[in-house]
Amino acid sequence: MNADVIATLASLVGAAHVRTDADSLVVYGCDRTTGWTPAPAAVVLPATIAEVQALVRLANEHHLAIVPSGGRTGLSGGAVAAKGEIVLSLERMNRIRAIDPVDHTLCCEAGVVTARVQQAAREVGFFYPVDFASSGSSQIGGNVATNAGGIRVLRYGSTREQVLGLKVVTGAGDLLDLNRGLVKNNCGPDLRHLFIASEGILGVICEVTLKLRAPPPSARVMVVGAGDCALLLHVQAEARQRFALSAFEFFSRRALERVTAHTGLTAPLTTATPFYGLLEFDEPAGGEQAVLDFFLYCQERGWVDDGVIAHSERQAVSLWRLREDISESLAAARPLKHDIAVTLAKMPGFVSAMEALLAERFPTLESVWFGHLGDGNIHLNILPPAEVTGSELVSLAPAVTGRVLATVAEFGGSISAEHGIGLLKKDYLHYGLGAAEIDYLRHIKRVFDPNNVMNPGKVVAF
Ligand SMILES: Cc1cc2nc3c(=O)[nH]c(=O)nc-3n(C[C@H](O)[C@H](O)[C@H](O)COP(=O)(O)OP(=O)(O)OC[C@H]3O[C@@H](n4cnc5c(N)ncnc54)[C@H](O)[C@@H]3O)c2cc1C
């Protein structure tokens with residue numbers, strides 16, 4: 001990038017907020033994926049919507065590429081800048097603008113960290129429900145751009161269900177004020193929803209108005225052990241009949257072994273079982289006895305072998321950590337991550353088919369299952385043997401992922417339940433969308449970003 005452009009960037013946001021040093025380029029040029037070498041030309045940190053608009057207009061003028069950057073906790077390469085792009089970090093746009101106790105809304109700039117929104121809501125007696133292991137680092141803009149899900153989708157839905165308004169700067173440089181915090185607004189198709197899960201390819205999300213909820217009542221957390229995944233679905237169906245369920249997560253024995261080895265946490269049950277379910281539900285009217293009755297009912301039917309109920313907040317947190325820390329505990333093993341979803345009705349058949357496929361085609365690989373079973377979202381992590389490195393490792397990924405995602409397509413599932421497409425799953429998009437749908441996506445991209453300045457090369461080929 002020539003010095004004139006750098007000088008112009010500096011004139012737009014201030015010289016202190018344009019970074020070209022090697023450390024910044026590496027830090028801001030990647031997310032939590034590992035397949036690409038960060039190589040942006042510069043990092044810019046605007047502080048206002050007007051500055052974002054000026055940067056996008058400059059990019060159009062000079063044919064520059066912009067990669068919007070949130071907390072860079074993404075798992076699909078969406079925030080990777082490996083081709084001399086400008087990283088546009090939202091980190092200075094981190095003000096909470098207003099909390100409205102009448103409309104139950106919180107309006108903030110896109111760079112506010114998710115956990116801060118949760119905290120701000122709590123401080124005024126409300127609750128922001130979207131939560132997951134990286135919410136201490138991810139930003140609201142990144143959550144909207146990926147339609148982040150997490151552990152309480154079952155009750156509250158994904159980020160999409162929380163968004164009542166968005167201010168965005170399109171790839172053409174226009175500022176759109178979408179839906180303005182309204183609950184009802186049927187003025188034609190809702191453009192707000194196009195920007196949710198758009199992964200930065202249509203424009204920059206600058207401000208978000210979120211729906212706040214009443215704080216949930218006190219919760220019960222329990223973990224049960226089961227012989228297979230289908231049995232856990234019986235447990236979930238019964239739990240839904242009896243309780244107000246807020247979460248139903250699961251993990252396999254291998255996932256448990258990895259997370260306990262990594263964290264030092266103890267296994268929840270004395271006997272190991274192939275699968276574990278973690279349930280969270282509102283304290284039932286019948287108290288502890290109602291929970292015990294439920295457990296015995298499941299045990300009598302052979303659905304569960306063992307179980308534990310948390311008796312303190314501390315114990316509940318430890319049980320949750322067994323699920324939430326799995327992803328981090330696998331990071332060093334270079335997993336091939338698959339964030340997939342099928343309907344609950346198809347889940348048992350899908351899990352059996354996938355296990356058979358992996359055992360037959362890739363017997364040396366270790367498969368680790370965990371995820372948000374309650375909403376059909378599985379994080380299937382496939383770990384190569386430690387001795388597989390270099391080109392062997394590189395060629396393994398397409399061979400395995402291609403097979404896995406083709407099977408997902410056969411079951412009518414999603415190849416990206418909540419992490420997005422980014423760079424990682426771009427070549428497999430046809431397993432998730434039809435040719436006509438992909439073509440419509442391309443047209444939509446052209447409408448909002450005619451010069452392809454926004455996150456080029458991500459999600460769909462232009
Ligand atoms: C340990 C761990 C656990 C996780 N668990 C979950 C989980 O349970 N559920 C889940 O959904 N995700 C999960 N994730 C993935 C990740 O945290 C989410 O995808 C999160 O929403 C990304 O937010 P971010 O701010 O870090 O975005 P980034 O990684 O910075 O960016 C993600 C994408 O959004 C774009 N983007 C970012 N900000 C903007 C903006 N302001 N305007 C336009 N585009 C923008 C980027 O260009 C990129 O394409 C997990 C990640 C980790 C590391």
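Two strands count as paired if DSSP finds at least two bridges between them. On that basis, the predicted model contains an open sheet of four strands. Their order is β1-β2-β4-β3, and the pairing is mixed. β1 (18–19) and β3 occupy the edges. Each has a single partner strand, so one side of each lacks a neighbour in the sheet. The partner of β3 is described next. β3 and β4 (residues 86–89) run parallel and are joined by four bridges. Across this pair, Val67 stands opposite Val87 in β4.

β3 also takes part in the ligand site. The ligand is surrounded by 38 residues. The closest are Gly70, Gly74, Gly78, Gly141 and Gly142. Four elements give two or more residues to this shell: β3 (66–69), α5 (140–146), β9 (203–211) and α12 (326–330). α5 provides the largest share, with five residues. By class, the shell holds 12 nonpolar, 20 polar and six charged residues. Glycine is counted as polar in this division.

Backbone geometry was examined next. Most residues other than glycine have a negative phi. His63 departs from this sign, with a positive phi of about 55 degrees although it is not a glycine. His63 lies in the loop between α3 (49–62) and β3. It has 9 C-beta neighbours inside 10 Å. The limit for an exposed residue is 12 or fewer, so His63 counts as exposed. Asn455, also not a glycine, has a positive phi of about 45 degrees. Asn455 is placed in the segment after α15 (435–448). Here 31 other C-beta atoms lie within 10 Å. A residue is buried at 20 or more, so Asn455 is buried. The two residues thus carry opposite labels: His63 is exposed, whereas Asn455 is buried.

At the level of domains, the domain assignment of the protein gives four ranges. These are domain 1 (3–89), domain 2 (96–211), domain 3 (219–327) and domain 4 (334–435). The centres of domain 2 and domain 3, taken over C-alpha atoms, are separated by 31 Å. Contact between these domains involves five residues of domain 2 and eight residues of domain 3. On the domain 2 side, three of the touching residues are nonpolar and two are charged. No polar residue occurs on that side.

Notes:
Residues are numbered from 1 along each chain as its sequence is written. This is a predicted model: local features need pLDDT of at least 70, side-chain atom pairs count only at pLDDT 80 or more; totals for chains, interfaces and linings use all residues. A residue is near a molecule or strand if its C-beta atom, placed from the backbone, lies within 6 Å of it. Domain bounds come from an automatic or database domain assignment. Two residues are in contact if their C-beta atoms, placed from the backbone, lie within 7 Å.
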